[in-house]
Amino acid sequence: MPSLKIALLLVSLSFSEAKVEFNHSTLYGIRDFEGVDEVPLPNCDSGCLIFASTLGVAINTPDGMEPYYKNLIINDPVNDKNLSIAELAVQFEFGTLAKIPLNFTESGNYSILNLNAPEDTGTEVTVWVIERSKVLESDYEVYDALAMPSRAAAIPKDVVTIMSANQFRVMAQPGEPNSFTARLVGFDNALDENTDVYKTPINSKFDGFELHVDGPLISLVFANKKKVDLSADYKYSVVGIRDLSKPGFVSTSGYSFCNRLGGNQIHSARFVHSGDEIDFRSEPSNTEPPADIYKVYLDTYVDLDATHEIDIIDDYFGKNTSISALKGARKNTPVVIERIQVLSIRYLGLTAPQTFLIRHSGVIVEKATSPAPTTVPTTPKITVPPTSSTKVTSTTITPTTSASGAMTTLAATAIVAVMMLAS
């Protein structure tokens with residue numbers, strides 16, 4: 001239903017956007033800077049780390065950097081030094097492409113100065129500021145979805161965080177048996193008992209994954225210290241279509257699901273939306289019958305007012321048949337769809353503090369070219385018992401240098417090459 005899809009995507013948010021304040025960090029988006037002369041950074045009062053992500057290359061600029069973010073200046077009165085958000089966003093470690101933050105080790109009154117005119121506008125940006133005391137407790141690595149074509153298979157640290165200025169996709173290749181938990185927060189909150197958007201059983205077979213993130217952050221915690229091959233890109237969706245065979249989740253746009261924040265925790269980005277349609281299709285053909293038939297399992301969490309719902313639709317070549325309408329408040333409520341080939345999840349006009357999370361998985365019950373099986377597969381469990389708590393090891397923050405001893409800064413033209421490799 002293309003017309004409905006377009007209409008949903010044109011829906012703008014009506015709730016007020018604001019920075020998202022966690023216990024020890026804050027997320028800022030474009031709407032936190034436009035028309036504001038200065039944004040204080042209280043998380044930096046006793047030192048902090050600052051990460052930044054932008055959309056990358058700006059066309060028709062000599063250095064490829066977007067002028068608006070060259071005029072967002074991180075003010076360092078302690079050392080009398082300044083660095084723009086545009087420059088910070090393209091600093092990566094040599095070889096690994098892990099992000100390099102701005103590291104304030106001393107106490108001070110830090111802020112971001114906006115040198116743009118009040119009427120000027122930018123595209124998208126994510127600025128993430130973490131208190132230094134919390135950083136010292138964490139064993140982490142941070143990447144940018146814009147510049148993560150492939151992280152060489154390696155044993156991950158306690159938490160792997162991927163951030164972005166736009167909706168993005170994160171993938172892992174199949175590997176040794178392992179389990180993981182995914183949460184839409186940074187490394188400073190990833191080991192707390194916040195809502196997991198996806199979790200696999202302990203010591204389960206590791207088939208890899210493909211997770212679509214409609215927000216600025218995702219953190220992955222792996223149970224076992226085994227090599228994992230990770231990558232990310234901006235291919236959040238291909239004309240809105242996902243693979244019915246791949247497990248994952250759909251959630252409120254821009255929402256963090258941090259249990260301590262309550263309902264109003266929406267990232268202040270332009271891409272955040274209040275209505276959408278997400279389509280899942282089976283193989284082998286998305287253009288004409290026949291197609292494989294799946295049994296699909298949904299684990300649903302919704303918190304909606306009386307006038308809104310999440311619609312689950314069987315839309316196999318225009319059937320547009322309602323399967324279920326999720327309403328009210330429900331947590332970990334299962335929905336089982338016995339046979340389906342094209343599944344659509346639709347919602348419209350959701351405003352904070354309304355929210356939803358739908359975890360999904362599927363198992364094939366009939367191939368398009370073969371008769372239906374005589375037995376029904378065993379129902380897989382989508383939610384599993386929580387893993388045992390992981391002890392966070394204290395680490396010392398040291399400047400990252402390249403082999404030549406100098407910090408590596410990727411120019412915007414280098415990011416173009418990275419994106420070409422990812423495509």
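In what order do the four strands of the open sheet stand? I looked this up in a predicted model. The order I read is β3-β8-β5-β6, with antiparallel pairing. β3 (38-40) and β6 (81-84) are the edge strands; each has a single partner strand, so one side of each is left without a neighbour in the sheet. I noted the twist as well: direction ignored, neighbouring strands of this sheet are turned against each other by 25 degrees on average.

**Entry: β5 and β8**

I then went to one pair inside this order. β5 (residues 72-76) and β8 (residues 111-114) are joined by four bridges in the antiparallel sense. For the register I recorded Ile74, which stands opposite Ile112 in β8.

**Entry: Ser268**

Next I checked a residue outside the strands. Ser268 sits in the loop that connects β20 (248-251) with β21 (276-281). Is Ser268 buried or exposed? I have Ser268 down as buried, because its relative accessible area is 0%, and the cut-off for that label is under 20%. I also looked for polar partners: a polar atom of the Ser268 side chain lies 3.1 Å from the backbone nitrogen of Gly29.

**Entry: β23**

How many of the five residues of β23 are buried? I find four, and I therefore list the strand (residues 310-314) as mostly covered. On the pairing of β23 I made two notes. Five bridges link β23 to β24 (residues 321-326), and the two run antiparallel; here Asp314 has Thr321 as its bridge partner. Four bridges link β23 to β26 (residues 342-347), again in the antiparallel sense, and in β26 Arg346 is the bridge partner of Asp311.

Technical notes: Residues numbered from 1 in each chain as written. Predicted model: local features only at pLDDT ≥ 70, side-chain atom pairs only at ≥ 80, totals over all residues. Heavy atoms only, no water. Pairing = 2+ DSSP bridges. Axes fitted to C-alpha atoms, helices over the stretch in contact; angles between N-to-C directions. Buried < 20%, exposed > 50% of the residue type's maximum accessible area, 1.4 Å probe, protein only. Polar contact = N/O pair within 3.5 Å; in protein donor to acceptor, adjacent residues only side chain to side chain.
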